[in-house]
Structure formats: structure tokens, C-alpha cells
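Work through the exercises below with the sequence and the model at hand. Each task is followed by a solution in steps.

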Amino acid sequence: MDFPALRNKYGSKRVAPPLPEVVSLFCGAGGLDLGFCNEGFRIPIAIDRSEAAVRTHQINFPDSLGIAEDLVDLGPEGVFSYVSRNVRKKSRIGIIGGPPCQGFSRANTRALASDPRNRLPFLYIEIIRRLQRDYSVEFVVLENVLGIRDQKHAKTFNSIKSKLGAMDFAVTEKELCALDFGVPQNRRRVILIAMKTTSRI
């Protein structure tokens, strides 16, 4: 990402701060990671339960540490343990991820609000909260299917936004389509972007 030279009131150049490092959760093969990588963000660590996905991620992002472990088993402390060994404490980070969507998918006609997979966004929230204790979390990105906004999941979706808002983030909700970004698929997704209210990005 290119930053124009900035000048203070005395006319001297002011160097833009380095970009936060990105922690990728539920990373898959790295589709979400690619956009951040292309914009100059470093992704030191990526975690997914699928060994095949992590192997592919490591081919796509050879400078990232890919970890094939279940985030449910790791829990917030387990994730923190990995992050703390690979990212300097107190530094600025961003957290990105797309928790599994099967429980929210409209294609799953038997989907229930009580589907246990629907708790994974809340695990994501708890991991963010844990990392906030030792890092300056500048932003969070959460991606999911449109069905997460359906009436039967409204309580979950609204709770996710509320919890992020309570963690010192300004939350923006967007609906994006892959067609608008050059991908030949009519694939629409909900993106929640949570920016730290004092972020310097």
C-alpha cells in the first residue's frame, strides 16, 4: 500500500507508521489473506483445522506460518500462545477470518439457529478479546454468507456487532459480490469491518 509523503507544520516529512501485522483465523487456502497481502500487509500466522487447506495456504503464502489445528480445541489462550511466539507483544495487529458458514447458509434448508457451528463467530470474538490484552488490535474483518442476517439468525448477528462495538471498535457492515471484483461468480457475502476507534491506519 502506497502512502504519500506527509509533512508536519514545519515542512519536514513525517513517515507513515508501518502497517499492522495480520493474524488470519479460519484461513482456508487464503482467499481473504490475498487481498491484504496484495496491499502490503504481512501475515505472520494463519490457522485452520483443515490440514489440506493449510498446506495450500503455505504454498500460496510461503512467508506465513500455517497451523493446522482446530480453533475450538485451541481456544483463545492457545491462539494467543501461537501469536505471541510469532508476533512481538504490544505491536499493532489486525485479525481477519471467515468462521464456517454452513449453519447460516440458505442452501442448508434445515439450518437451525441452534446449530453448534453458529457459535464459532463468538469464539472468534473471544479470541479477539484475548489478543487485545497483549496487542493493539487495530481492525477486525469477519466474512460470512448472507444467511447470517436472516431473521432466524438475527439474534446471533446483532450480538456479534454489539460485542465488537463494546470492544472499542466502530463497526461497518457491507454486502459485497465477487462479480464486482473480477471473479466470474455471483457470490455475495456479508463483511463486517471493525476499526479501532483510535486506529492510525
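## Exercise 1: the sheet

Task: give the strand order of the open sheet and the kind of pairing, then say which strands stand at the edges.

Solution. The 7 strands of the open sheet follow the order β5-β4-β3-β6-β7-β9-β8, and the pairing is mixed. The model is a predicted one. Next, count partners: β5 (65-68) and β8 (169-177) each have a single partner strand, so they stand at the edges and one side of each has no neighbour in the sheet. From one strand to the next, the twist averages 15 degrees.

To place the sheet in the chain, list the elements. The chain has 5 helices and 9 strands. Read from the N terminus, their sequence is β-β-β-α-β-α-β-α-β-α-β-α-β-β.

## Exercise 2: strands β3 and β4

Task: state how β3 and β4 run and how many bridges join them, then find which way the residues of β4 point.

Solution. Strands β3 and β4 (residues 45-48) run parallel and are joined by 3 bridges. Two positions fix the register: S24 is opposite A46 of β4, and L25 has I47 in β4 as its bridge partner.

For the side chains, start from the general rule. In a regular strand, side chains alternate between the two faces of the sheet. In β4, I45 and I47 point one way, while A46 and D48 point the other way. All of these residues are buried.

## Exercise 3: helices on the sheet

Task: determine which strands α3 and α5 touch or lie across, and at what angles they run.

Solution. Take α3 (residues 71-86) to begin with. Helix α3 packs on the sheet and touches β3, β4 and β5, with its direction at about 165 degrees to that of β4. Helix α5 (residues 154-165) lies across β7, β8 and β9 (188-196), and runs at about 140 degrees to β8.

Task: how are α4 and α5 oriented to each other, parallel or antiparallel?

Solution. The axes of α4 and α5 come within 10 Å and cross at roughly 5 degrees. Angles under 35 degrees count as roughly parallel, and therefore α4 and α5 are roughly parallel to each other. The residues that meet are P121, F122, I125 and I128 from α4, and T156, S159, I160, K163 and L164 from α5.

## Exercise 4: aromatic pairs

Task: how many aromatic pairs does the structure hold, and what is the geometry of F26 with Y124?

Solution. A search of the whole structure gives 4 aromatic pairs. For F26 and Y124, the ring centres are 6.3 Å apart and the planes stand at 55 degrees, so this pair is tilted. F26 is in the loop between β3 (21-25) and α1 (31-38), and Y124 is in helix α4 (residues 120-132), so the pair ties together parts 98 residues apart in sequence. F26 counts as buried at 15% relative accessibility. Y124 is buried too, with a relative accessible area of 0%.

Task: classify the pair of F36 and F139 in the same manner.

Solution. The F36 and F139 rings lie 5.7 Å centre to centre with 5 degrees between the planes, and the pair is stacked. The pair links distant parts of the chain, F36 being in helix α1 and F139 in strand β7 (residues 136-145), 103 residues apart. F36 has a relative accessible area of 16% and is buried. F139 counts as buried at 4% relative accessibility. Ring pairs also bring in F41, giving a cluster of F36, F41 and F139.

## Exercise 5: the surroundings of R130

Task: say whether R130 is buried or exposed, and find which residues it contacts beyond its sequence neighbours.

Solution. R130 belongs to helix α4. The cut-off for buried is under 20% relative accessible area, and R130, at 8% relative accessibility, therefore counts as buried. Leaving aside neighbours within four places in sequence, R130 is in contact with P76, E77 and F80. From C-alpha to C-alpha, R130 and E77 are 7.3 Å apart in space, and they are 53 residues apart in sequence. R130 also lies over the face of F80, at 3.8 Å from the ring centre.

## Exercise 6: the chain as a whole

Task: what percentage of the residues of the chain counts as buried, and what percentage of contacts joins residues at least 24 apart?

Solution. The chain has 201 residues, of which 43% count as buried. Among contacts between residues at least 6 apart in sequence, 63% join residues at least 24 apart.

How values were computed: Residues are numbered from 1 along each chain as its sequence is written. This is a predicted model: local features need pLDDT of at least 70, side-chain atom pairs count only at pLDDT 80 or more; totals for chains, interfaces and linings use all residues. Side-chain values use heavy atoms; hydrogens and water are left out. Rings of Phe, Tyr and Trp (its six-membered ring) pair if their centres lie within 6.5 Å; planes under 30 degrees apart count as stacked, over 60 as edge-to-face and the rest as tilted. Helices (H or I, at least four residues) and strands (E, at least two) are DSSP runs, numbered from the N terminus. Buried means under 20% relative accessible area, exposed over 50%, partly exposed in between (1.4 Å probe, protein chains only). A charge sits over a ring if NZ of Lys or CZ of Arg is within 6 Å of the ring centre and within 35 degrees of the ring normal. Two strands pair if DSSP finds at least two bridges between them. Axes are lines fitted to C-alpha atoms, for helices over the stretch in contact, and angles run from 0 to 180 degrees between N-to-C directions. Contact means heavy atoms within 4.5 Å. Angles under 35 degrees count as roughly parallel, over 145 as roughly antiparallel, 65 to 115 as roughly perpendicular and the rest as oblique.
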